[in-house]
Amino acid sequence: MRRLSAPAVYLIIEGAFSVFVNIIFTVSMVNQVQRIGLDPLQLVLTGTVLELSALVAEMPTGIVADVFGRRLSVVISFFLVGLGFIIEGAALSFGVLLLAQVVWGVGWTFHSGALEAWLVDEIGQSKASAIFARASQVGGVASVLGAAMGIGLAAFLPVNLPIIIGGLLCVGLGVFLAMAMPETNFKPRPRTHESLLHHLFGTFVEGVRVIRGKPLLMLFLLLFFVLGAYSEGFDRLWTAHLMQNFVIPGFITLPAAVWVGLTRMAGHLGGVGMVGVARRGLDQNDSRAVARRLAWLSAIWFVCLMGFALAQNFVLAIGVYLAAVSLRRGIAPIILAWQNQQIGESDSSVRATVLSTYGQADALGQVAGGPVVGLIGNASLRAALAFSAALLTPAIGIFARTAQKKD
């Protein structure tokens, strides 16, 4: 099979994977609540095991990508992620569900950082920024399609079968990438006569040196820890909050998975538009301007999250939820482009390692924040979600502080 261009492959990955995971995520939380019977603490602990797996594997897999190639790492990722989802769909117990999180959590780390590093190497940083934004929009549209497919499957099949189907599709994506994904500009860190172990360790040390050499990259470590601490509780409990704390309108009798899927679809559609709105008129090369924009957007994001936690009306809760997830999608490509710009072309040989370090910071934040939010959730889902939103506030301060500094 002929290799495709790097931008085309990146957009295919973002689009296809968004379809597949949204088939899965449309029903996964409903599956965990209704079929397996998890309580709020178990819901969050499932995510904690996932993030612990990512925390342990993130740096080694990032180093593998920088030493052996980003393409190989990405292909391995989709095979493991798909296998993890297949196990999750077959799980009937909390223990097997935790095993699934380990498998797909480790699999995720093989392309976390490696995929973005691969694209920047292939087409350059200046072109990659635009592709990141376009991919976010493609992912949003594809997510709507995936959620619609998940809704359709959930309406006629047992709630776990869409998860298995999505896992099989992820494995298929890995097969496709093994044949179609190019890698022409990969430049591993030079290796002399050192052993492989020393070379791997040297790549790690070089990645740490790059981060320590730039104050903004150091600050990003705290930022990603904060984002991880906030996200775990929200991602794991928002579905239970809607199902347990609100009377879902009964004018049309629909399964819970369908209501959740429709909500996710609307959020993805909002995110597609927000990507353009968030970047409008923004000079991505001006760090202070980027930080100012992110400070305002994250402040509004926090207000929406708190509104979702405290809302008593179903329509209001849906409205602020949709605003929150749209803002989250709009902010993500700005941060990603900002990160890669700070790493720079001269440190490309350790780019995946550096980006994996931020993946570790995010995972560590989720591990630190998740169980606390889960314990609170066993007493009150509203309190847990409000606490989760409060965990986001340091990010606003980080952006505001950076906006006041010179580059």
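In this predicted model, the largest nonpolar core comprises 106 residues. The residues with the most contacts inside that core are Y10, L119, L177, F234, W301 and F308. Helix α1, which spans residues 6-35, supplies the largest share of this core, namely 16 residues. Apart from this core lies another one of 5 residues, including V144, A147, V258 and M265. As a general background, nonpolar side chains in soluble globular proteins tend to be buried together.

F308 illustrates the surroundings of one core residue. When neighbours within four places in sequence are left aside, F308 is in contact with F234, W238, H241, L242, A317, V320, Y321 and L385. F308 also belongs to an aromatic cluster, whose members are Y230, F234, W238, W301, F308 and Y321. Three of the names recur from the core: F234, W301 and F308 are listed among the residues with the most contacts there, and they are likewise members of the cluster.

The structure holds 12 aromatic pairs. One of the pairs is formed by F25 and F85, whose ring centres are 6.1 Å apart and whose planes stand at 80°, so the arrangement is edge-to-face. This pair links distant parts of the chain, with F25 in helix α1 and F85 in helix α3, 60 residues apart. The partners have these accessibilities: F25 is partly exposed, with a relative accessible area of 28%, whereas F85 is buried, with a relative accessible area of 1%.

Turning to charged side chains, a search of the whole structure finds 2 salt bridges. Their geometry is as follows.

| Salt bridge | Closest N and O atoms |
|---|---|
| D121 with R70 | 2.2 Å |
| D235 with R328 | 2.7 Å |

D121 lies in helix α5 (residues 114-123) and R70 in helix α3 (residues 70-90), so this salt bridge ties together parts that are 51 residues apart in sequence. Both D121 and R70 are buried. The pair of D235 and R328 also links distant parts of the chain: D235 is in helix α9 (residues 215-245) and R328 in helix α12 (residues 314-343), 93 residues apart. Here D235 counts as partly exposed, at 31% relative accessibility, and R328 is partly exposed as well, with a relative accessible area of 27%.

Which residues does T402 touch, not counting those up to four places away in sequence? They are L216, L219, R288, A291 and W338. T402 itself is placed in helix α15, residues 393-403, and counts as buried, because its relative accessibility is 9%, below the 20% limit for that class. The side chain of T402 reaches the backbone oxygen of I398 at 2.8 Å. In addition, the C-alpha atoms of T402 and R292 are separated by 8.0 Å, although these residues are 110 residues apart along the chain.

Finally, how many disulfides does a search of the whole structure find? The search finds 0 disulfides. Of the cysteines, C170 is buried, with a relative accessible area of 0%, and C304 counts as buried at 11% relative accessibility.

Definitions and conventions: Residues are numbered from 1 along each chain as its sequence is written. This is a predicted model: local features need pLDDT of at least 70, side-chain atom pairs count only at pLDDT 80 or more; totals for chains, interfaces and linings use all residues. Side-chain values use heavy atoms; hydrogens and water are left out. A salt bridge is a side-chain nitrogen of Lys or Arg within 4 Å of a carboxyl oxygen of Asp or Glu. Helices (H or I, at least four residues) and strands (E, at least two) are DSSP runs, numbered from the N terminus. Buried means under 20% relative accessible area, exposed over 50%, partly exposed in between (1.4 Å probe, protein chains only). Contact means heavy atoms within 4.5 Å. A polar contact is a pair of N or O atoms within 3.5 Å; within protein, one must be able to donate a hydrogen and the other to accept it, and residues adjacent in sequence count only if both atoms are side-chain atoms. A disulfide is a pair of cysteine sulfur atoms within 2.5 Å. A nonpolar core is a set of buried Ala, Val, Leu, Ile, Met, Phe, Trp, Tyr and Cys residues joined through side-chain atoms within 4.5 Å. Rings of Phe, Tyr and Trp (its six-membered ring) pair if their centres lie within 6.5 Å; planes under 30 degrees apart count as stacked, over 60 as edge-to-face and the rest as tilted.
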